[in-house]
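Trainee: I'd like a close look at one part of this model, the place where the two chains come together. Could you walk me through it with the salt bridges in mind?

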Protein chains: 2
Amino acid sequence: MRPYKKDPAAIYAESFATVRREARLDRFPPGLETMAVRLIHACGMIEIADRLAFSPDAAEAGRAALAAGAPILCDCEMVAAGIIRRRLPAGNEVAVTLNAPEVPDLARDLGTTRSAAAVELWHDRIDGAVVAIGNAPTALFHLLEKLDRGWPRPALILGFPVGFVGAAESKAELAGDPRGAEFVALRGRRGGSAMASAAVNALAAVEESA
Amino acid sequence: MRPYKKDPAAIYAESFATVRREARLDRFPPGLETMAVRLIHACGMIEIADRLAFSPDAAEAGRAALAAGAPILCDCEMVAAGIIRRRLPAGNEVAVTLNAPEVPDLARDLGTTRSAAAVELWHDRIDGAVVAIGNAPTALFHLLEKLDRGWPRPALILGFPVGFVGAAESKAELAGDPRGAEFVALRGRRGGSAMASAAVNALAAVEESA
C-alpha cells in the first residue's frame, strides 16, 4: 500500500494551494474567486474556471441574502445534502420541493418535468431567495419563465444543471438575461449537485481552510 | 425565452442517445456499458468513458449482491441522497456512518480524517456489501488498508473520490490491486457523489429509459 496523506488540515491546505497554483483566477472579483476555488475543489477540474459565467456582485448578493435569513431553494435532494448547515449564518431554511406530494400531478397538468413543476412551489419563498440548481435544466428554464411572468426576483441564482439536453441551453439563457437576479453558472454540459452545494457553501464559509 | 424540451421521456431518450452516439463504449461488457452510460449522463462528460477502470464482472457482482440484500455503504450523505431507493431490489440498507457520534474521536485517535474513521464502522456490514465512495480519497485508502489487514471482502467497490490530494492515487491503488473485490473507478482527479450514486442506480435499473 502506498503512503497517503491523512491529516485533514494538510489535505485541505494542499488542495486549495493546488487549485490556486493551476487555475486562472485573475478575472474573478474577490468573493467569486473564493467560490471558483471551491467549485474547482468540488469537481476536481481546474479548467472550469474558464467556463464560469457570473454577474459581478453575485457573491455579495448571496452573502447578504443568507445573512438576512433568505431560504435556499434546491432542485434536488443531493444539493440539499451537500449544504453544510452549521455554516449557514441565520439557520436558513434549505428547501427541496421535488418530492412534495402534489408535484407529479402538477407536472402532468403543466406538461413538464417534475423538477420544473417543483419550482412552482417556490413561489411564496422566491423573493430574495438563494436558488441552487444542480441537476435539472427544466427547473432553471421554468424559473426563468416564471420571472418573465412577473415573479419576485431571487437574490441569486446558482445555475449548475448538468447533462446533454437543455443544460448548456438553460445556462446560456440565464447568462444572456438573468432577469435582474445575480447569478453564477457553469457554461456547457457540465455541472451537478456537488457544484451547486459548493457554491452555497462558499457563500457561507468564513475561511478557505474550513 | 428560447423553446426547450419539457417531456421527461423524450429528454431521457435524447440524453441517452447522445451519450451512445458520442462515447466510445465498445470496450465495456454489457452490464458495465449500461453503467458507463449512466455515469456519463450524471456528469455531462462523454470523455470519462475512456478513464473508467473496472473488473470485468463488476456489474454482475453488484447486481447479485443487491438482489441478495447487500447493504450499500456510502462515504457521504450526498451519495446516499442520490440513490433511488424505490429501484433497489431488496429494500437494501443505504448506510452513511460519517456523522455517527463516535467518528470525530475515532478520527483523532487514528490520526486520520473523519471520512476514513467512518469506514471503521462498516466492519459488521462489509462482507458482500456494495461500497460507494463519491467524496473522500482517505475513505477509499482506509478501506483498502482494512482489506489488507484481513477484513471480509465487499462484493463491489465503486470508487469515485474526487479532488487534488489522493483521489487519483487512491483509485490507482484500487485498480492496481482490488484485493479480491470487484470494482469500478474513474481514474484521475474527477469523480463525485453524483457519479457514485449513478453507479449504484445503474446496478438497480432494469431499463435505460427509466
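How much area do chain B and chain A bury between them, and what share of it is on carbon and sulfur atoms?

Mentor: Happy to, and keep in mind throughout that this is a predicted model. Chain B and chain A bury about 3,700 Å² between them, with 66% of that on carbon and sulfur atoms. On the chain B side, the residues that lose the most area to chain A are B:Met1, B:Met78 and B:Phe164, and together they make up 20% of what that side buries. In terms of contacts, 46 residues of chain B touch 46 residues of chain A.

Now for the symmetry. A turn of 180° with a shift of 0.0 Å along the axis lays chain B on chain A, and the RMSD is 0.0 Å. That's the relation of a two-fold axis. B:Met78 turns up again here: of the residues of chain B, its C-alpha comes closest to the rotation axis, at 2.6 Å. And 100% of the interface residues of chain B are also interface residues in chain A, so the copies meet through the same surface.

Next, the polar side of the interface. Between chain B and chain A the rule finds 8 residue pairs in polar contact, counting pairs where both residues are at pLDDT 80 or more. As for where the touching residues sit, six helices of chain B each supply at least two residues of the side that touches chain A: H1 (8-22), H2 (30-43), H4 (77-82), H7 (137-148), H8 (167-176) and H9 (193-204). H1(B) gives the largest share, 7 residues. By type, the residues of that side of chain B split into 19 nonpolar, 14 polar and 13 charged.

Some of the charge is paired across the boundary: the rule finds 6 salt bridges across the interface of chain B and chain A. One that you can pick out is between the side chains of A:Glu145 and B:Lys6, at 3.7 Å from N to O. With a salt-bridge cut-off of 4 Å, that pair makes the list at its 3.7 Å. There's also a network of salt bridges that has members in both chains, linking A:Arg2 with B:Asp148, B:Glu173, B:Asp177 and B:Arg179.

B:Arg179 is worth a pause. This residue lies in the loop between H8 and strand E6 (182-186) of chain B, and it has a positive phi of about 55° although it isn't a glycine. For background, most residues other than glycine have a negative phi. B:Arg179 is also buried, with a relative accessible area of 12%.

Flip to chain A and look at A:Arg179, which is found in the loop between helix H8 (167-176) and strand E6 (182-186) of that chain. Phi is near 55° for A:Arg179, a positive value in a residue other than glycine. The side chain of A:Arg179 meets that of A:Glu173 in a salt bridge, at 2.9 Å from N to O. Both partners, A:Arg179 and A:Glu173, are buried. For A:Arg179 the relative accessibility is 12%, so the residue falls below the 20% limit for buried.

Stepping back to the whole structure, there are 28 salt bridges over all chains. Two pairs that stay within a chain make a nice comparison with the ones at the boundary. In chain A, the side chains of A:Glu33 and A:Arg20 form a salt bridge at 3.1 Å, N to O. That pair links distant parts of the chain, since A:Glu33 is in helix H2 (residues 30-43) and A:Arg20 in helix H1 (residues 8-22), 13 residues apart. A:Glu33 is partly exposed at 24% relative accessibility, and A:Arg20 is partly exposed too, at 33%.

In chain B, the side chains of B:Glu120 and B:Lys146 meet in a salt bridge at 3.0 Å, N to O. Here the partners are 26 residues apart, with B:Glu120 in helix H6 (residues 114-120) and B:Lys146 in helix H7. B:Lys146 counts as buried, at 13% relative accessibility.

One last arginine to look at is B:Arg87, in the loop between H4 and strand E3 (94-96) of chain B. Its relative accessible area is 19%, so B:Arg87 counts as buried. B:Arg87 and B:Ala204 are 117 residues apart along the chain, yet their C-alpha atoms are separated by 5.8 Å.

Methods:
Residues are numbered from 1 along each chain as its sequence is written. Chains are lettered from A and ligands numbered from 1 in the order in which they are written. This is a predicted model: local features need pLDDT of at least 70, side-chain atom pairs count only at pLDDT 80 or more; totals for chains, interfaces and linings use all residues. Side-chain values use heavy atoms; hydrogens and water are left out. Contact means heavy atoms within 4.5 Å. Buried area is the accessible area (1.4 Å probe) that two parts lose on being put together, summed over both. A polar contact is a pair of N or O atoms within 3.5 Å; within protein, one must be able to donate a hydrogen and the other to accept it, and residues adjacent in sequence count only if both atoms are side-chain atoms. Helices (H or I, at least four residues) and strands (E, at least two) are DSSP runs, numbered from the N terminus. Ala, Val, Leu, Ile, Met, Phe, Trp, Tyr, Cys and Pro count as nonpolar, Asp, Glu, Lys and Arg as charged, and the others, Gly among them, as polar. Copies are superposed by least squares on the C-alpha atoms of residues with pLDDT of at least 70 in both. Buried means under 20% relative accessible area, exposed over 50%, partly exposed in between (1.4 Å probe, protein chains only).
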